[in-house]
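Good morning, and thank you for making time for this item. Please have the sequence and the coordinates open while I speak.

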Amino acid sequence: MTWQAIFYVETEAVIIGIFADISKEHEQQEKLALMKGETLTKAQEVIDKQMRVAQEIAGLLGETTAETKVLLTKLIKMIKNGDGSIQ
């Protein structure tokens, strides 16, 4: 791959051409684009995994909170009844 600049100099009736090999720069840009894509993919995977873990934790907390509420409600009723029976 090359970069090209061509100029015509009227006063001298000549054409000047400058050609530069930009193959390495182009290859580096492609590698950088690939790395960015891979990084974005990994970042999305981490986000997805964190969301799954957060949802699992929230589910477990909900379950244990419900169980705790049931047990504490039974305890409150026992204490209110004063006789140890649950009604």
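I shall go through confidence, the hairpin, the helix and its salt bridges, in that order.

First, the conventions. This is a predicted model, in which local features need pLDDT of at least 70 and side-chain atom pairs count only at pLDDT 80 or more, while totals for chains, interfaces and linings use all residues. Residues are numbered from 1 along each chain as its sequence is written, and side-chain values use heavy atoms, with hydrogens and water left out.

On confidence, the protein averages a pLDDT of 93, and 94% of the residues score at least 70; pLDDT is the predictor's confidence in each residue, on a scale from 0 to 100. Confidence is lowest in β1, at a mean of 94, and highest in β2, at 96. The element names come from DSSP runs, numbered from the N terminus: helices are H or I runs of at least four residues, and strands are E runs of at least two.

Let me turn to the hairpin. Strand β1 covers residues 2-9 and strand β2 covers residues 14-21, and the two pair in the antiparallel sense over 8 bridges. Pairing here requires that DSSP finds at least two bridges between the strands. To fix the register, A5 has I18 in β2 as its bridge partner, and I6 stands opposite G17.

There are 4 residues between the strands of this hairpin. A13 lies in that loop, and A13 has a positive phi of about 55 degrees although it is not a glycine. Is A13 buried or exposed? A13 is exposed, with a relative accessible area of 55%. The classes are buried under 20% relative accessible area, exposed over 50%, and partly exposed in between, with a 1.4 Å probe and protein chains only.

Next comes the helix. Helix α1 spans residues 23-81, and its 59 residues reach 87 Å from the first C-alpha to the last, close to the 87 Å expected at 1.5 Å a residue. The expected span is 1.5 Å times one less than the number of residues. Just after α1, G82 takes a positive phi of about 75 degrees.

For a sense of distance, consider V53, which is found in α1. V53 is partly exposed, at 36% relative accessibility. Its C-alpha is separated by 69 Å from that of V9, with the two residues 44 apart along the chain.

Finally, the charged pairs. How many salt bridges does the structure hold? The structure holds 2, where a salt bridge is a side-chain nitrogen of Lys or Arg within 4 Å of a carboxyl oxygen of Asp or Glu.

One joins the side chains of E27 and K31, at 3.4 Å, N to O. These two residues are 4 apart in α1, a separation of about one helical turn. E27 is partly exposed at 43% relative accessibility, whereas K31 is exposed at 51%.

Another joins the side chains of K42 and E45, at 3.8 Å, N to O. Both residues lie in α1, 3 residues apart, about one turn of the helix. K42 is exposed at 53% relative accessibility, and E45 is partly exposed at 43%. An α-helix has 3.6 residues a turn, so residues three or four places apart point the same way.
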